[in-house]
Amino acid sequence: MSSARNVLNIIIIICVCFNWGSANGAQKRESGEILTHTIELSSLFPSSSSPCVLSTRASNTKSSLHVTHRHGTCSSLTSDKATTSPDHAEILRLDQARVNSIHSKLSKKLTDRVRQSKSTALPAKDGSIFGSGNYVVSVGIGTPKRDQSLIFDTGSDPTWIQCEPCVQTCYSQKEPIFNPSSSSSYYNVSCSSAACTSLSSATGNSGSCSASTCVYGIQYGDQSFSVGFLAKEKFTLTTSNVFDGVYFGCGENNQGLFTGVAGLLGLGRDKLSFPSQTATTYNKIFSYCLPSSASYTGHLTFGTAGISRSVKFTPISTITEGTSFYGLDIVGITVGGQKLAIAPTVFSTPGALIDSGTVITRLPPKAYAALKDAFKAKMSQYPSASGVSILDTCFDLSGLKTVTIPKVAFSFSGGAVVELGSTGVLYAFKMSQVCLAFAGNSDDTNAAIFGNVQQQTLEVVYDGAGGRVGFAPNGCS
């Protein structure tokens, strides 16, 4: 009888413990590892009146710039009526245009298109990449320096800004358009220079000549373009980080989706990119953190200053010959602590890359299907909602204050396991439509792309000289 009571007591204790664990909402492994995130839903919809919170990393590191969301509270561009944020459907449409352009460039199925300029007629290949351009830094250009708001982009190589005089068209920007004649450190580059010759690999177009001066032209996958003179100028990142003779494009004919910003800072791997040109100082090393919401700033830091000791590195892979993308080898995905059953060839056949300008991470169809199914199974307590654009796995969270979601982690070659931040899993349209922030490629042969929603709050380190990319949590603090 005593033995039976003991067994009954043990059963009761087990049941009570099990029920308490379920009610607590946070699933755990036996090791004690938490397998879920609990998110305040209000954090998915930050108020436009929220005060700007500055990154301490950007404020306290000499070689660091504040990163702002282009349409956020912290951006100097938001007061410009022309920079009104596009709706989510438009953001995703532009994102798909960028992804299509990346896949086109990787497959080398490039189509020549020609844009006419009064100063030059230039073939512009649909192989360069651009989209809605979410993240912006401010860089001083010229002597005396003029601060210019630039989109930074790991998927592009040349840096360029709009310049006076506008030969044909210039789009609207927040700061005054740069006038090279007012800078004592500006000079044009000749067509016979090695830099002019190297435009072919950086832009997809060979440089041309106008009165022995090198002319560049770059057209992006969404039909935005910039045409002008290749030049050299002084770039000032901070008072202690000044570079003379940086090659950049001084664009006199510019059009497209850059509205509000002065131009673009190219962070790719080509020799005309900014990291390559400053390699003697920074050894092609830079890092950034993309903020969790538009009311925070992140950082873009050149060199090794402030890099976390907890960074986990994975080798840069070569997607195709001659591209400047930062390739990655994805070897697995985990949802709520469970590794998905995805054959290694699903990722290795098309390859993968990391891109600061792609918003939503793209996965091979089979990998996305496995992720979607696992995520939906662990979100079965929430009613489903209709999809939007490229996002097809959505939930109706109306009336709730919090949502508990499974953690998602990516495994890369070399043993790096990267757990996404809580903001890197969901994309919120409205309370009744909160979606899984991943999409499937249309073809098994298209490369996977690790996008910027998934990168939010992570410290992402690009070590070009060491041939590796690294990740660490809590990168904006």
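Helices and strands here are DSSP runs, numbered from the N terminus, with at least four residues for a helix and at least two for a strand. The model is predicted, and its chain comprises 10 helices and 32 strands.

Of the 477 residues in the chain, 55% are buried. Contacts across the sequence are mostly long in range: among those with a separation of 6 or more, 71% join residues 24 or more positions apart. The accessible surface amounts to about 19700 Å², and carbon and sulfur atoms make up 53% of that area.

Some details of the backbone deserve a look. Most peptide bonds are trans, and most residues other than glycine have a negative phi. Against that background, the bond from Thr143 to Pro144 is cis, with omega near -5°. Pro144 sits in the loop that links strand 5 (135-141) to strand 6 (146-153). A cis bond also runs from Glu164 to Pro165, again with omega near -5°. Pro165 belongs to the loop between strand 7 (160-162) and strand 8 (187-188).

Positive phi values occur at two residues that can be taken in turn. For Ser212, phi is near 65°, and the residue lies in the loop between strand 9 (208-210) and strand 10 (213-219). Ser212 counts as exposed because its relative accessible area is 54%, and the cut-off for that class is over 50%. For Lys284, phi is near 60°. Lys284 is placed in the loop between helix 7 (279-282) and strand 14 (285-289). With a relative accessible area of 34%, Lys284 is partly exposed.

Notes:
Residues are numbered from 1 along each chain as its sequence is written. This is a predicted model: local features need pLDDT of at least 70, side-chain atom pairs count only at pLDDT 80 or more; totals for chains, interfaces and linings use all residues. Side-chain values use heavy atoms; hydrogens and water are left out. Buried means under 20% relative accessible area, exposed over 50%, partly exposed in between (1.4 Å probe, protein chains only). Contact means heavy atoms within 4.5 Å. Accessible areas come from the Shrake-Rupley method with a 1.4 Å probe; for residues, only the protein chains shown count as cover.
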